[in-house]
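Student: I've got a structure open and I'm not sure where to start. Can we go through it together?
Tutor: Sure. Let's take a look.

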Amino acid sequence: MPDADDLVIDRATPAEWATVTEWAAAEGWNPGLRDGTAFFAQDPKGFFIGRLAGEPASAVSVVNYGNDFAFLGFYLVRPDLRGRGFGLATWKAGLAHAGERMVGLDGVPDQQGNYRRGGFELAYRSARFTGMPRLPAPDASVRAPTPADIAGVHAYDSACLPADRPGFLDAWLGNPGHRTLVRIVGGKLTGYGTIRPARDSLRIGPLFADTDSDARHLLAALAVDAPSVAIDVPLCNESAVRLVESVGLTPSFESARMYTAVPRSHSREKVFGVTTLELG
């Protein structure tokens, strides 16, 4: 029976990562149909596959954002190969790519103990809320961004996160099938959000907004004609939880945001929906 010494860990290409995305879908994560394009745009060297006799067995991504921050995701082992150390070996190879950077992750709660032993501490929990939201028709304050808005979207995004991510964001906004909207009030950008196709419900993320009202208007416009949506909501943002509950969305699984150090100051109260559990 093969063990961790037989595992060969390599960097993955976008084409090879399609296998890992299928694993994620089988776990019920509902990955976006074109997420990989934006993922690899940020850090093409941050995706790792462990192979046994040439066949994929395990995976992890550790994507670097600048010199100070990285995000870990896609920590997976093929179900028939679990419990043999393949995951830990792949985990270590991925974390080496982060170097001295602080690392974040979104993990299932029952793995918190393992992550804590790996140096991660809980920051907050999120829950995925799904359903068809009951919302009024959107108003004219919400529209597609113009080229003149993009710099403002980048600045707004950076203010809501522990790191800047220009490569990722440009690819995310431009991905085929991704629809991004901004809210402009009095000439000021007060939030933005993106909806994208996925395996099951359409995924909304990010949903960043100054206030509950801004988030509600954005959500109404994003969800127009959507049969069902899913959004990962930080449970520490009580306004965000009240919003999604008030429009009829219901929680399913939870995840835990954890970091290896205290992240840089950012406007966590403006995060009504996480962009993606895989890259933060």
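**Cysteines, cores and crossings**

Tutor: Start with Cys236, which is partly exposed, at 39% relative accessible area. Keep in mind that this is a predicted model.

Student: OK. How far is the sulfur of Cys236 from the closest cysteine sulfur?
Tutor: The gap is 13 Å, and the partner is Cys160. That is too far for a bond.

Student: What is a disulfide, again?
Tutor: It is a covalent bond between the sulfur atoms of two cysteines.

Student: How many disulfides turn up in the whole structure?
Tutor: Zero. Cys160 is in no disulfide either, with its nearest cysteine sulfur, that of Cys236, 13 Å away.

Student: Is Cys160 buried or exposed?
Tutor: Buried, with a relative accessible area of 2%.

Student: New topic. How many residues are in the largest nonpolar core?
Tutor: It has 25. Phe129, Ile204, Leu207 and Ile231 have the most contacts inside it.

Student: Which elements supply at least two residues each?
Tutor: Three strands and two helices do. The strands are strand 6 (121–131), strand 10 (202–209) and strand 11 (229–234). The helices are helix 7 (212–222) and helix 8 (238–246).

Student: Which one gives the most to this core?
Tutor: Helix 7, with five residues.

Student: Is there another core? Where does it lie?
Tutor: Apart from that one lies a core of 24 residues. Val20, Ala24, Tyr65 and Phe168 are among them.

Student: Back to Leu207. What does Leu207 touch?
Tutor: Leaving out residues up to four places away in sequence, Leu207 touches several residues, including Ala215, Leu218, Leu219 and Leu222. Ile231 and Phe272 are also among its contacts.

Student: Which residues of helix 7 are buried?
Tutor: Asp214, Ala215, Leu218, Leu219, Ala220, Ala221 and Leu222.

Student: And what do they pack against?
Tutor: Five strands and helix 8. The strands are strand 7 (142–143), strand 8 (179–185), strand 9 (188–196), strand 10 and strand 13 (271–273).

Student: Switching again. How do helix 2 and helix 6 cross?
Tutor: Helix 2 is residues 35–42 and helix 6 is residues 166–174. Their axes come within 7 Å and cross at roughly 160°. Angles over 145 degrees count as roughly antiparallel, so helix 2 is roughly antiparallel to helix 6. The crossing is right-handed.

Student: Which residues make the contact?
Tutor: From helix 2, Asp35, Thr37, Ala38, Phe39, Ala41 and Gln42. From helix 6, Pro166, Gly167, Phe168, Ala171 and Trp172. Phe168 also belongs to the core of 24 residues.

Student: Anything odd in the backbone? What do most residues do?
Tutor: Most residues other than glycine have a negative phi, and most peptide bonds are trans. Asn30 has a positive phi of about 55°, although it is not a glycine.

Student: Where is Asn30?
Tutor: In the loop between helix 1 (14–26) and helix 2. Asn30 counts as buried, at 6% relative accessibility.

Student: What about Phe74?
Tutor: Phe74 has a positive phi too, near 50°. Phe74 sits in strand 4 (residues 69–77) and is buried, with a relative accessible area of 4%.

Student: And which peptide bond is cis?
Tutor: The one from Gly205 to Pro206, with omega near 0°. Pro206 lies in strand 10, one of the elements that supply the largest core.

Note on methods: Residues numbered from 1 in each chain as written. Predicted model: local features only at pLDDT ≥ 70, side-chain atom pairs only at ≥ 80, totals over all residues. Heavy atoms only, no water. Core = buried A, V, L, I, M, F, W, Y, C linked by side-chain atoms within 4.5 Å. Buried < 20%, exposed > 50% of the residue type's maximum accessible area, 1.4 Å probe, protein only. Helix = DSSP H or I, 4+ residues; strand = E, 2+ residues; numbered from the N terminus. Contact = heavy atoms within 4.5 Å. Disulfide = S-S within 2.5 Å. Axes fitted to C-alpha atoms, helices over the stretch in contact; angles between N-to-C directions. Parallel < 35°, antiparallel > 145°, perpendicular 65-115°, else oblique. Left-handed = near helix turned anticlockwise from the far one by under 90°.
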